[in-house]
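Hi,

Here is the structure I promised to pass on to you. Have a look at it first, and then read on for what I found.

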Number of protein chains: 4
Amino acid sequence: MGFEVPEHVRPIRERVRQFVEERVYPVESFLFERNHDAEGRAAMTELMDEAKREGLWALGHPKEIGGQGLPFMDYVYVNEVVGRSEQAMIALGTHTLQDSLMLHQHASPEWRDRYLAPLVAGEIYPSFAMTEPAVASSDPTQLQTTAELDGDEWVINGHKWFTTFANRAAYTTVMVKTEQDAPLHRSFSMIVVPTDSEGYNIVRDIPVMGMVEGHCEVIYDNVRVPRTNLLGERGEGFTIAQRRLGPGRIFHCMRWLGQAQRAFDLMCDRVNNRVAFGETLAEKQQIQVMVFDSAAEIQACRLLTLDAAQQMDRGEQARVEISVIKVVGARMLHNVIDRAIQVHGAAGVTSDLPLEHMYRAARFARFVDGPDEVHRSTTARRILRSYREGEGWDFGMRN
Amino acid sequence: MGFEVPEHVRPIRERVRQFVEERVYPVESFLFERNHDAEGRAAMTELMDEAKREGLWALGHPKEIGGQGLPFMDYVYVNEVVGRSEQAMIALGTHTLQDSLMLHQHASPEWRDRYLAPLVAGEIYPSFAMTEPAVASSDPTQLQTTAELDGDEWVINGHKWFTTFANRAAYTTVMVKTEQDAPLHRSFSMIVVPTDSEGYNIVRDIPVMGMVEGHCEVIYDNVRVPRTNLLGERGEGFTIAQRRLGPGRIFHCMRWLGQAQRAFDLMCDRVNNRVAFGETLAEKQQIQVMVFDSAAEIQACRLLTLDAAQQMDRGEQARVEISVIKVVGARMLHNVIDRAIQVHGAAGVTSDLPLEHMYRAARFARFVDGPDEVHRSTTARRILRSYREGEGWDFGMRN
Amino acid sequence: MGFEVPEHVRPIRERVRQFVEERVYPVESFLFERNHDAEGRAAMTELMDEAKREGLWALGHPKEIGGQGLPFMDYVYVNEVVGRSEQAMIALGTHTLQDSLMLHQHASPEWRDRYLAPLVAGEIYPSFAMTEPAVASSDPTQLQTTAELDGDEWVINGHKWFTTFANRAAYTTVMVKTEQDAPLHRSFSMIVVPTDSEGYNIVRDIPVMGMVEGHCEVIYDNVRVPRTNLLGERGEGFTIAQRRLGPGRIFHCMRWLGQAQRAFDLMCDRVNNRVAFGETLAEKQQIQVMVFDSAAEIQACRLLTLDAAQQMDRGEQARVEISVIKVVGARMLHNVIDRAIQVHGAAGVTSDLPLEHMYRAARFARFVDGPDEVHRSTTARRILRSYREGEGWDFGMRN
Amino acid sequence: MGFEVPEHVRPIRERVRQFVEERVYPVESFLFERNHDAEGRAAMTELMDEAKREGLWALGHPKEIGGQGLPFMDYVYVNEVVGRSEQAMIALGTHTLQDSLMLHQHASPEWRDRYLAPLVAGEIYPSFAMTEPAVASSDPTQLQTTAELDGDEWVINGHKWFTTFANRAAYTTVMVKTEQDAPLHRSFSMIVVPTDSEGYNIVRDIPVMGMVEGHCEVIYDNVRVPRTNLLGERGEGFTIAQRRLGPGRIFHCMRWLGQAQRAFDLMCDRVNNRVAFGETLAEKQQIQVMVFDSAAEIQACRLLTLDAAQQMDRGEQARVEISVIKVVGARMLHNVIDRAIQVHGAAGVTSDLPLEHMYRAARFARFVDGPDEVHRSTTARRILRSYREGEGWDFGMRN
């Protein structure tokens with residue numbers, strides 16, 4: 001009972017942690033800054049090779065597609081230490097997990113054959129296109145990119161952005177409206193589009209919070225792809241996306257916890273060593289409150305996340321639990337990094353420490369995969385409905 | 001793995017819940033208001049008898065002293081439903097658990113013989129005297145009540161308050177300074193004082209937040225008790241108190257969760273039924289945010305508490321974990337009740353609902369058993385020390 | 001420019017402050033506890049007489065109705081010191097101001113003649129009936145109490161609660177639905193009902209937060225009053241109420257500031273004197289943060305309130321400003337009192353200090369005169385509309 | 001009474017606002033990105049010339065040094081609109097105000113002659129060196145850079161960073177320890193160092209939050225400057241710095257208000273136009289709460305700042321008031337920008353809008369000119385002292 005890293009997971013988790021701290025940290029800023037040029041990419045390839053040699057590659061990918069097949073709950077624990085560095089996610093192959101599963105489960109044989117192996121091997125990058133500048137993505141039924149069948153080809157037109165990695169990916173899975181007469185939530189489909197397709201035009205790599213890291217804006221101008229590029233069935237777009245998102249949010253949250261724990265470690269080391277007005281910062285109560293609140297928020301979020309993971313592992317959808325960790329986790333992430341910066345003073349915002357980059361990246365957490373506002377409303381409505389149905393809600397504690 | 005009510009605990013937990021809702025709720029306000037008169041006490045005795053008949057009495061007391069011996073973790077889960085009503089704690093005998101254990105473990109045979117059985121049976125009330133009006137109890141080394149040995153008797157002088165139940169208890173366990181030359185934390189002892197001792201003067205039953213519920217102010221004016229009334233050894237006062245507090249805080253927190261869940265249930269039912277501006281409150285986002293935040297805070301606190309309980313059950317002191325739940329729990333308790341009141345508007349502050357009483361009582365949570373401020377500082381210092389010692393702190397997640 | 005107590009207001013403000021501190025404070029708890037019996041009321045009458053003798057009575061009432069006619073802005077500053085004690089409001093005649101103005105401006109000559117002079121003189125109490133238990137008062141168009149004309153009499157039926165002072169008032173001004181075919185906001189009227197009318201049945205003096213202070217529940221069972229008891233015109237109920245509320249909220253807020261300043265004074269004195277762990281609380285950073293935050297919140301709220309008062313004094317409605325101070329003020333009030341309690345520990349919740357009573361009473365502030373939630377929505381919509389109309393909103397700072 | 005833009009200030013304030021919105025906004029991102037190259041600087045020079053032609057240059061500089069001599073309170077109001085864009089500060093000459101005054105008041109005639117005129121004219125940039133990487137600047141008595149007199153020259157050694165503009169400035173005013181035997185707060189002095197001095201080595205332009213905007217790290221390696229480069233007297237460093245900081249913080253805060261108001265405008269326009277789930281964001285309560293809270297925080301902060309300015313204008317130090325606006329202002333700034341980003345979703349973090357840059361820059365506000373933590377402690381201690389001295393504190397409202 002309770003949550004702790006299972007005995008058999010500890011060794012692999014520890015090896016991953018060491019890899020992240022010893023191999024990734026030293027080249028982390030280089031990888032961020034040079035992500036778009038050849039030298040940066042070569043450095044990443046080298047790191048990937050190292051991970052493969054050490055047996056740390058694609059730990060969570062199922063064995064049948066070439067991964068190491070770590071069970072879900074084991075992998076959840078590992079993800080917290082992977083998450084300490086965004087670059088580690090790529091170096092260890094974590095970044096292709098969701099897309100690999102999607103291809104594996106929904107793609108036609110030819111695309112499976114073409115992309116799956118190199119994707120799992122980290123030889124090609126995936127990308128995923130949902131968000132559009134013209135409409136609020138919080139309500140995805142508003143998306144306007146369309147695909148129409150013209151003979152045996154889909155003809156795609158539209159305007160997407162935040163298609164992460166588009167400028168280095170082999171293909172983009174794009175969410176498009178394909179059905180005109182179906183109910184809205186059954187009108188969208190997902191289609192695989194090779195990035196070298198004609199009419200697939202990358203407008204720019206959008207600087208976000210000052211980071212130019214591959215969040216591309218892409219115009220689809222009569223892009224034609226074979227009919228078989230459809231994932232699953234017509235109208236299944238949202239269903240597939242939802243399936244992708246669920247465990248994805250657990251992994252997200254575990255990685256946020258990794259980020260937060262890293263910031264917390266930096267915070268504690270700093271305040272133990274920095275002196276002002278004749279004593280270390282550690283001796284000041286305002287600092288102690290920051291330490292306490294951070295520890296409490298991290299641990300609360302960790303338990304909530306592990307609990308949600310556990311529900312999913314039992315085959316439940318755990319929608320309430322997942323929305324809770326999304327909202328609570330995003331806030332926790334910001335708070336802990338923010339406090340870590342504060343105790344560092346000016347140093348905290350310089351590129352000498354990873355904190356400022358983490359701070360900027362953390363701002364995304366509150367709107368990606370649905371803004372917090374939507375999660376709050378949806379979840380509350382779900383809980384309130386269960387009361388109207390005479391059940392109530394106490395997260396499974398009720399007899 | 002994970003936390004849920006164990007299968008074998010569900011039936012007893014469910015029966016307790018029913019008892020609390022069906023038997024205690026209807027007479028709850030009567031019991032609060034009339035706690036100091038004969039009629040009120042008779043009503044309570046009747047309730048106790050009912051609980052005994054139904055086999056729900058003294059569930060957590062060890063079997064060897066006459067309880068039902070529910071194991072710690074099982075009892076933790078039961079405590080959440082007991083805690084929905086403060087009166088239920090008494091009706092089910094929970095209120096004597098800590099004192100029974102203290103007598104059982106530390107009292108001399110004669111006092112054990114005299115008090116233990118009737119205490120476990122609910123025939124007499126215990127009381128416990130720590131706090132003094134003249135000094136900040138956050139720093140108990142300042143306490144000024146003294147006991148001096150005069151022959152075979154302790155002579156006690158001092159001024160205590162917040163000695164809960166003193167006006168209906170058979171005896172008070174009082175924390176007194178007995179050693180003049182020992183280090184401060186070894187200078188205090190606990191002594192059992194029958195409430196009918198000469199010089200044991202109850203000054204008043206202090207109204208707190210408008211409730212007159214037995215938080216007595218007591219002056220010890222040359223109170224003489226036999227030498228054997230000492231609990232444990234001389235100078236062990238704080239050690240015994242600490243031992244009492246540890247699991248006590250877990251039970252506190254579970255009961256706070258019970259209170260919060262009850263408030264949450266009231267909140268959800270209200271907003272599902274109340275209409276304003278053409279829709280139920282449930283449809284308004286500001287209300288949804290209250291529901292979401294409450295659910296998230298309750299569940300986070302529940303997992304933190306269960307996790308701390310688990311640590312204790314394994315024989316660890318879990319000091320950090322316990323301070324975290326004390327602080328987080330007290331805030332959660334206030335927040336949830338406060339929101340429940342808000343959605344009820346004026347009705348929320350009337351005596352027609354239990355919320356206003358819960359709100360007032362909840363204010364205590366932030367300073368009883370050490371003010372939050374002390375817990376925050378102590379805990380942060382403990383965490384920071386572990387960093388200085390090269391260990392760091394991630395609540396046991398670190399390999 | 002700027003806000004400060006005008007030179008000519010200082011002497012009267014100082015005399016009021018002295019009266020409140022020296023005459024009211026000592027008998028304050030007596031007045032609260034005994035508000036419903038003869039002895040308590042006699043003590044209040046004595047205090048009122050004293051205030052009259054000292055020339056501090058009815059300072060803000062217009063001269064033409066027997067008050068001292070202090071101009072609005074002057075009176076605003078005085079109200080902050082009156083507000084330090086709820087009982088001072090009554091002792092100084094402040095409690096009848098809104099009702100006196102309402103009678104003066106809207107009542108028919110006979111009722112004016114009958115009630116106005118004794119009301120201003122403090123010989124009779126007014127009461128005001130709006131809230132009903134059956135509907136959310138946040139949306140007053142739902143109110144269900146009706147009045148129908150039967151010949152020259154209104155026949156009133158309905159169920160009100162929170163009719164403060166009903167059990168000692170000469171009359172109640174009751175908001176009733178009189179028009180069936182008018183638009184909702186023009187369907188309600190206000191009618192003066194003598195409390196000795198047949199069918200005017202006080203059900204109970206509802207205990208609220210444990211205080212039994214005259215928040216009565218009243219059933220109107222075919223209560224008949226003359227046609228001329230109508231205030232203003234038929235259907236003007238909300239208009240008159242709004243007119244009553246506007247400056248009323250300013251006074252409320254100033255009194256909240258008075259309460260907060262009083263709590264702040266208690267907090268600062270306590271922490272300067274209380275010792276824990278070898279130093280005064282004043283030297284601890286967590287306490288310093290409480291002091292800082294309280295000072296900042298009080299001063300922000302004070303300036304916002306004076307600014308809103310200023311707008312009103314210029315004849316503007318200042319609806320945004322007034323909603324802002326209502327919400328910000330209610331939160332500030334709670335926060336400051338709450339912190340003052342916390343630094344007092346157990347003493348803070350006892351009846352030995354005024355804090356616990358203030359804490360309980362402060363809970364009302366968040367839903368009286370419209371719950372905060374409604375003020376937030378209404379105000380935001382007003383601001384957003386001004387943007388849609390091309391104006392924007394910067395509280396008058398825009399050129 | 002009250003605060004509003006004085007009639008005679010409105011025209012100039014309006015012209016400044018137009019200049020900022022029409023001339024600066026369009027080239028703002030260009031100026032940020034290209035601040036370090038010739039083209040960027042040329043663009044800035046052009047803007048400066050435009051401002052001069054329109055009579056908007058150096059509005060707040062005293063007339064006797066070549067400015068337009070706007071009185072303090074008038075200039076405060078103007079600063080809010082200047083502050084909407086950091087670049088506007090430079091374009092309008094605001095960025096040299098503090099340094100111009102410092103030279104004017106404290107420099108020896110030769111340096112005054114050499115630098116003052118071109119500084120006021122915007123032909124040269126100033127820079128100011130306080131912070132050092134090795135010590136916590138919150139406690140400036142720890143600063144380690146020293147200057148020793150060697151004949152008629154100061155020999156400066158040390159390591160500073162966050163010397164803003166060092167890479168384009170003509171000179172740096174550097175805070176150095178000059179006295180070994182004086183009390184700490186009298187041991188530091190300020191010395192003017194031309195940036196082309198030998199041994200003045202700019203190590204790098206530190207990227208902060210991803211912005212490379214001239215926050216330079218500088219090593220002083222036996223830098224020699226004439227004895228007359230001293231500002232004021234030996235040991236007056238902190239006194240001069242304090243004098244510089246006081247009104248500087250008022251201007252800071254007004255500019256933060258300008259930033260916040262700009263973000264607020266963007267927020268309101270966005271939510272009025274963006275649709276999700278069948279209605280504009282403006283119609284959703286969670287958004288309305290963001291609008292309400294932002295408006296309330298902006299207005300509270302604005303009044304607090306104007307009130308503090310007013311105190312200063314009367315010749316008071318207003319230390320409490322200034323610390324309050326520093327802390328409250330920095331938090332308000334973050335909150336409002338943060339909410340503006342949230343309502344924009346992904347767009348909010350792109351370089352298409354100024355919000356993400358404002359968000360990053362806003363993070364500095366909580367530690368520049370003393371971290372919030374120090375302001376809170378210092379201010380609380382000051383307030384508490386006034387209570388110990390029998391005065392108490394109510395921001396001048398007390399009679």
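Let me start inside chain D, with two of its helices: α7(D) passes α9(D) in a left-handed crossing. Keep in mind throughout that this is a predicted model. The axes of α7(D) and α9(D) are 9 Å apart, and the helices pack at an angle of about 20°. Angles under 35 degrees count as roughly parallel, and α7(D) and α9(D) are therefore roughly parallel to each other.

If you want to find this contact on your screen, look on α7(D) for residues including Trp256(D), Phe264(D), Leu266(D) and Met267(D). On the α9(D) side, the contact residues include Ile322(D), Met332(D), Leu333(D) and Val343(D). What kinds of residue make up the contact of α7(D) with α9(D)? They divide into 16 nonpolar, four polar and four charged.

Now stay with α9(D) and bring in α8(D). The axes of these two helices, α8(D) and α9(D), come within 9 Å, and they cross at roughly 155°. Are α8(D) and α9(D) roughly parallel or roughly antiparallel to each other? Angles over 145 degrees count as roughly antiparallel, so that is the relation of α8(D) and α9(D). The crossing of α8(D) and α9(D) is left-handed.

Among the residues that α8(D) brings to this contact are Ile287(D), Met290(D), Cys301(D) and Leu304(D). From α9(D) come, among others, Val324(D), Val328(D) and Asn335(D). The residues of this contact of α8(D) with α9(D) divide into 13 nonpolar, five polar and four charged. Some residues of α9(D) turn up in both contacts: Ile322(D), for one, is listed in the contact with α7(D) and also in the contact with α8(D). Met332(D) is another residue named in the contact with α7(D) and in the contact with α8(D).

Next, how chain D meets its neighbours. Start with chain C: 50 residues from chain D and 50 residues from chain C take part in the contact. On chain D, the helices α1 (10–33), α7 (237–273), α8 (285–313), α9 (319–344) and α11 (372–388) each supply at least two residues of the side that touches chain C. Which helix gives the most to that side? It is α8(D), with 14 residues. The side of chain D that touches chain C divides into 24 nonpolar, 12 polar and 14 charged residues.

Chain D and chain C also superpose: a rotation of 180° with 0.0 Å of shift along its axis lays chain D on chain C, with an RMSD of 0.0 Å. The copies meet through the same surface, because 100% of the interface residues of chain D are also interface residues in chain C.

Then there is chain A. Here 36 residues of chain D are in contact with 36 residues of chain A. On chain D, β3 (153–164), β9 (275–276), α9 and α10 (355–362) each supply at least two residues of the side that touches chain A. The element that gives the most to this side is α10(D), with three residues. The residues on this side of chain D divide into 20 nonpolar, nine polar and seven charged.

How does chain D map onto chain A? A turn of 180° and a shift of 0.0 Å along the axis lay chain D on chain A with an RMSD of 0.1 Å. That is the relation of a two-fold axis. Of the residues of chain D, Gly210(D) comes closest to the rotation axis, with its C-alpha at 2.9 Å. The same surface serves both copies, as 100% of the contact residues of chain D recur in chain A.

While you have chain A in view, check its domains. The domain assignment gives domain 1 (7–120), domain 2 (128–235) and domain 3 (239–388). The centres of domain 1 and domain 2 of chain A, taken over C-alpha atoms, are separated by 25 Å. Between these two domains of chain A, 11 residues of domain 1 are in contact with 14 residues of domain 2. Both α5 (97–106) and α6 (109–120) of chain A supply at least two residues each to the side of domain 1 that touches domain 2.

Cheers

Definitions and conventions:
Residues numbered from 1 in each chain as written. Chains lettered and ligands numbered in written order. Predicted model: local features only at pLDDT ≥ 70, side-chain atom pairs only at ≥ 80, totals over all residues. Contact = placed C-beta atoms within 7 Å. Helix = DSSP H or I, 4+ residues; strand = E, 2+ residues; numbered from the N terminus. Nonpolar A, V, L, I, M, F, W, Y, C, P; charged D, E, K, R; others polar. Least-squares fit on C-alpha atoms with pLDDT ≥ 70 in both. Axes fitted to C-alpha atoms, helices over the stretch in contact; angles between N-to-C directions. Parallel < 35°, antiparallel > 145°, perpendicular 65-115°, else oblique. Left-handed = near helix turned anticlockwise from the far one by under 90°. Domains from an automatic or database assignment.
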